[in-house]
Amino acid sequence: MSDFLTGIAFFLIIEGLVYALAPLVLVEMAKRLPEIPVQQLRIFGLVSVAAGVGLVWMLRG
């Protein structure tokens, strides 16, 4: 459970840094998001999940 909460904490830190350091980049990215096909977003999400799981597996192995 401690590892899970640590992961959530790191996510919040990184997310907060994006909003604090590059808010204009975030706004521009949000404006372009509707132009990206849903299938491409889904694939990117699945690749990100797989990369995250693989990284955790390597670090824990």
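## A briefing on two pockets and two salt bridges

Four nonpolar, three polar and no charged residues make up the lining of the second largest pocket. This is a predicted model, in which local features need pLDDT of at least 70 and side-chain atom pairs count only at pLDDT 80 or more, while totals for chains, interfaces and linings use all residues. Residues are numbered from 1 along each chain as its sequence is written, and side-chain values use heavy atoms, leaving out hydrogens and water.

**The second largest pocket**

- Its lining consists of Phe44, Gly45, Ser48, Val49, Ala51, Gly52 and Leu55. A pocket here is an open set of points on a 1 Å grid where a 1.4 Å probe fits, with protein on both sides within 12 Å along at least five of seven lines, and its lining residues have an atom within 4 Å of a point.
- The volume of the second largest pocket is about 180 Å³, counted as the space filled by probe spheres set on the points.
- Gly45, Ser48 and Gly52 are part of this lining; in the classes used here, Gly counts as polar, and Asp, Glu, Lys and Arg count as charged.

**The largest pocket**

- At about 300 Å³, this is the largest pocket of the model.
- Around it you will find Asp3, Thr6, Gly7, Phe10, Phe11, Ile14, Glu15, Leu55, Val56, Leu59 and Arg60.
- Leu55 appears in this lining, and Leu55 also lines the second largest pocket.
- Sorted by class, the lining of the largest pocket holds six nonpolar, two polar and three charged residues.
- Helices H1 and H3 (38-60) each supply at least two of the lining residues; helices are DSSP runs of H or I with at least four residues.
- H1 contributes the most to this lining, with seven residues.

**Salt bridges**

- The count comes to two salt bridges, each being a Lys or Arg side-chain nitrogen within 4 Å of a carboxyl oxygen of Asp or Glu.
- In one of them, the side chains of aspartate 3 and arginine 60 meet at 2.5 Å, N to O. This pair links distant parts of the chain, since aspartate 3 sits in H1 and arginine 60 in H3, 57 residues apart.
- Both partners, Asp3 and Arg60, also help to line the largest pocket.
- Glutamate 28 and lysine 31 form a salt bridge through their side chains too, at 3.5 Å, N to O. They are three residues apart in helix H2 (residues 23-32), so about one helical turn separates them.

**Buried or exposed?**

- Arginine 60 counts as exposed because its relative accessibility is 57%; exposed means over 50%, buried under 20%, and partly exposed in between (1.4 Å probe, protein chains only).
- Lysine 31 is exposed as well, with a relative accessible area of 54%, while its partner glutamate 28 has 37% and is partly exposed.
- Isoleucine 8 lies in H1, which covers residues 2-21, and at 36% relative accessibility isoleucine 8 is partly exposed.
- Glycine 54 belongs to H3 and is partly exposed, with a relative accessible area of 23%.

**One distance to look for**

- Find the C-alpha atoms of glycine 54 and valine 27: these residues are 27 residues apart along the chain, and the two atoms are separated by 30 Å.
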